[in-house]
Amino acid sequence: MALLQSASRVVVSSLIVAVGAAASIQALSQWAAQSAETESRLIELQSTLNAMNALEWRAISLRSLDEETTEAFEHERTRASTLLAATNAAGADANGELADGYERYAGAIARELTMIDQGRIDEALELDEAEVDPAFEHLAEGISAAAAERHAESDRVGKLAAFGTTASLLLAAAVIGWMFTRFTRSRERQTRQLADALNELQQTQAQLVQSAKLAALGQLIAGIAHEINSPLGAIRAAASNGEAAIGSTLDALPELSERADAATREQFFSMVSDALKSAPLVTSAERRPVLRALARKLDEAGIADARAVADLLVDIGVRAPFDRVLPLLRHPARDWLLKLAYDLTRLNENNRTILSAVERAAKVVFALKSYARVEHASDAQRFDLRATIDTVLELYRNQIKHGIELVCNFEDLPRLDGYPDELVQLWTNLVHNALHAMPAGGRLEIDVAKRGSEVVVSVTDSGPGIPDDVRNRIFEPFFSTKPRGEGTGLGLHICRQVVAKHQGRIEVDSRPGETRFRVALPLPASAVDAEPEPEALAA
Amino acid sequence: MTRSAILCVDDEAIVLSSLKEQLRRRFGDRYLYETAASAEEAWTLIGELAEDGIGILMIISDWLMPGIKGDEFLAQVHDAHPDVLTVMLTGQAEARAIERAQREANLLACIHKPWDEIELLDLVGASLG
């Protein structure tokens, strides 16, 4: 606003100076022009007198005054009177000298012409010499002097006007320059203030972005604590179990030859060996039917305490067909043998548990690390889009498994160029919002597909949808539908910025039961060139 | 010989597997050790065990699980089977949830992951006698 005012002040001042200068210059110029005009009238008057003089000599040479000469003379006299009157009006004959001189000359020549007309040529010549010529000379001198004066005046005024023009221009230039300097200075000051304000805003924004991230992180912490503590618990238990298994194995092995004969030992080692090779039953849901089937068969085979034995066998790793272990189950040292087999095979199982738990915990820590990073790489890098999405799904694994059906359709993609850390934040916000929209569970679908020269990532939830009046505002900063203190209102704004940084697009489609955020990111040129577009394929 | 079961409920197979082994190593064949990955599966299992005439002595349940959370599950169990002892074993639980389990499920204890083997097994041993 202030900037605009200074600018208009400069323009107005310049105009005033320019108009003022122009007016005075015009006055001076008019004056100069007038002087020049008077000068030219005087010169014309002189030429009229010259003409009259010529007519006089024509009459003398003709020795008579013919009609033509009379007429021409009258014409010149009228012209002379007019010119004299104009000269007088212009103030060039202030003392009336020219008018008097002309009167004398005109009177003398009129008498001379009358003499010629009367044939008194000699008298006329005398008059000419005595009166007409001196009057002519005198008048010519007066006219010449007046013309010279006018010329000098015109020259002076003209110079003054020219000087005025220059001076005015210089003045105007000075004023404009001064105003412009002031304008520039105030603009610089304002620009600096604006730059400071922008800088401050950017810092604030960076802080807000960071605090938005930390707020989201705060909401995640609970789940993350669980995500880390569960594998830690498993590692601790498995390590202790392994230690116990080794201890009791070392205690038991020397007794094996006493408790079992060669054939039993062979059956025993063959069972352990098979068990170690068997695929572990990962989930209890996989395990339960196997256990029940085995327990039933053991019961049918007359094995006492079938369920407990079956459970132990399944934990050892024994799978159907169990006929080969039946002799062992009927062996008098059955419990001792099964315990040894359990210790031997559980060593392996506990190692597997530890490895799997470490992997789980490492994944969580890695996801956290890439999520919470403050400094984003300033240069675009080539990265795996899938990995950025996996990081987020890993972080939200806990929330997702609670009543949320997760469906992922990932097409194979070339690597993209961009800022993976920021995309992690983008997916975090979208997944977070999707889960927030489905507190009682639902379906979260993530699709990644190549579309021409773009990759389109869709995050779809089965929540109630975004109301129409809200949809236009969701990308605005600080707009939040979440209760105060729960959302920063920056999530989707950040999403839009991240998408813009990748020269991509983000769109939302929403109706009850299906809200889809679609993010389109450009593929690197090399990846686009490598494969023809779908249209080209169709053609 | 009919024995009763200790039921472990956790959505992490590695937790179930190692916890069960700890129980078996300490208590041997005194109990059956059953596992379920969710409250829903636990209910199915409780039904199956009942068919086989096997009772549940104790349930050691995680809190943060798919579907029904630990406190709610234990409260439901307590409703249906008031004699069953309940223990929560969790990496993270809201204070409100623990209070609810104590109030509505007669919670014996809430043990935090990564759990101390001796603490857990002593608790189980002492409670089951």
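These legends walk through several close-up views of the two-chain model shown above.

**About the model.** This is a predicted model, in which local features need pLDDT of at least 70, side-chain atom pairs count only at pLDDT 80 or more, and totals for chains, interfaces and linings use all residues. Residues are numbered from 1 along each chain as its sequence is written, while chains are lettered from A and ligands numbered from 1 in the order in which they are written.

**View 1. How confident is the predictor in chain B?** The model as a whole comes with ipTM 0.93 and pTM 0.55. For chain B, the mean pLDDT (the predictor's confidence in each residue, from 0 to 100) is 92, and 98% of the residues reach 70 or more. Among the elements of chain B, strand β1 (residues 5-9) has the highest mean, 97, and helix α4 (residues 95-104) the lowest, 92. Helices (H or I, at least four residues) and strands (E, at least two) are DSSP runs, numbered from the N terminus.

**View 2. Where chain A meets chain B.** Here 33 residues of chain A are in contact with 30 residues of chain B; contact means that the C-beta atoms of two residues, placed from the backbone, lie within 7 Å. On the chain A side, α4 (121-252), α7 (284-300), α8 (306-316) and α10 (334-372) each supply at least two residues. The most come from α4(A), with 15 residues. Sorted by class, this side of chain A has twelve nonpolar, 14 polar and seven charged residues. In this scheme Ala, Val, Leu, Ile, Met, Phe, Trp, Tyr, Cys and Pro count as nonpolar, Asp, Glu, Lys and Arg as charged, and the others, Gly among them, as polar.

**View 3. The parallel sheet of chain B.** Follow the five strands of this open sheet in the order β2-β1-β3-β4-β5 (chain B), with parallel pairing; two strands pair if DSSP finds at least two bridges between them. Because β2 (32-36) and β5 (107-112) of chain B stand at the edges with a single partner strand each, one side of each has no neighbour in the sheet. Direction ignored, neighbouring strands are turned by 20° against each other on average. Axes are lines fitted to C-alpha atoms, for helices over the stretch in contact, and angles run from 0 to 180 degrees between N-to-C directions. Five bridges join β1(B) to β3 (residues 56-61) of chain B in the parallel sense, and B:A5 stands opposite B:I56 in β3(B).

**View 4. Two helices on the sheet of chain B.** Helix α3 (residues 70-80) of chain B packs on the sheet and touches β3, β4 (85-90) and β5 of chain B, its direction making about 170° with that of β4(B). Helix α5 (residues 117-128) of chain B lies across β3, β4 and β5 of chain B, at about 170° to β5(B).

**View 5. Helices α7 and α8 of chain A.** The axes of α7(A) and α8(A) come within 8 Å and cross at roughly 130°. Residues making the contact include A:L291, A:L294 and A:L298 of α7(A), along with A:V309, A:L313 and A:V314 of α8(A). The contact residues divide into ten nonpolar, no polar and four charged.

**View 6. Helices α1 and α5 of chain B.** Helix α1 (residues 13-27) of chain B packs against α5(B) at an angle of about 60°, with the axes 11 Å apart. From α1(B) come B:Q22, B:L23 and B:R26, and from α5(B) come B:E117, B:L121, B:V124 and B:G125. Three nonpolar, two polar and two charged residues make up this contact.
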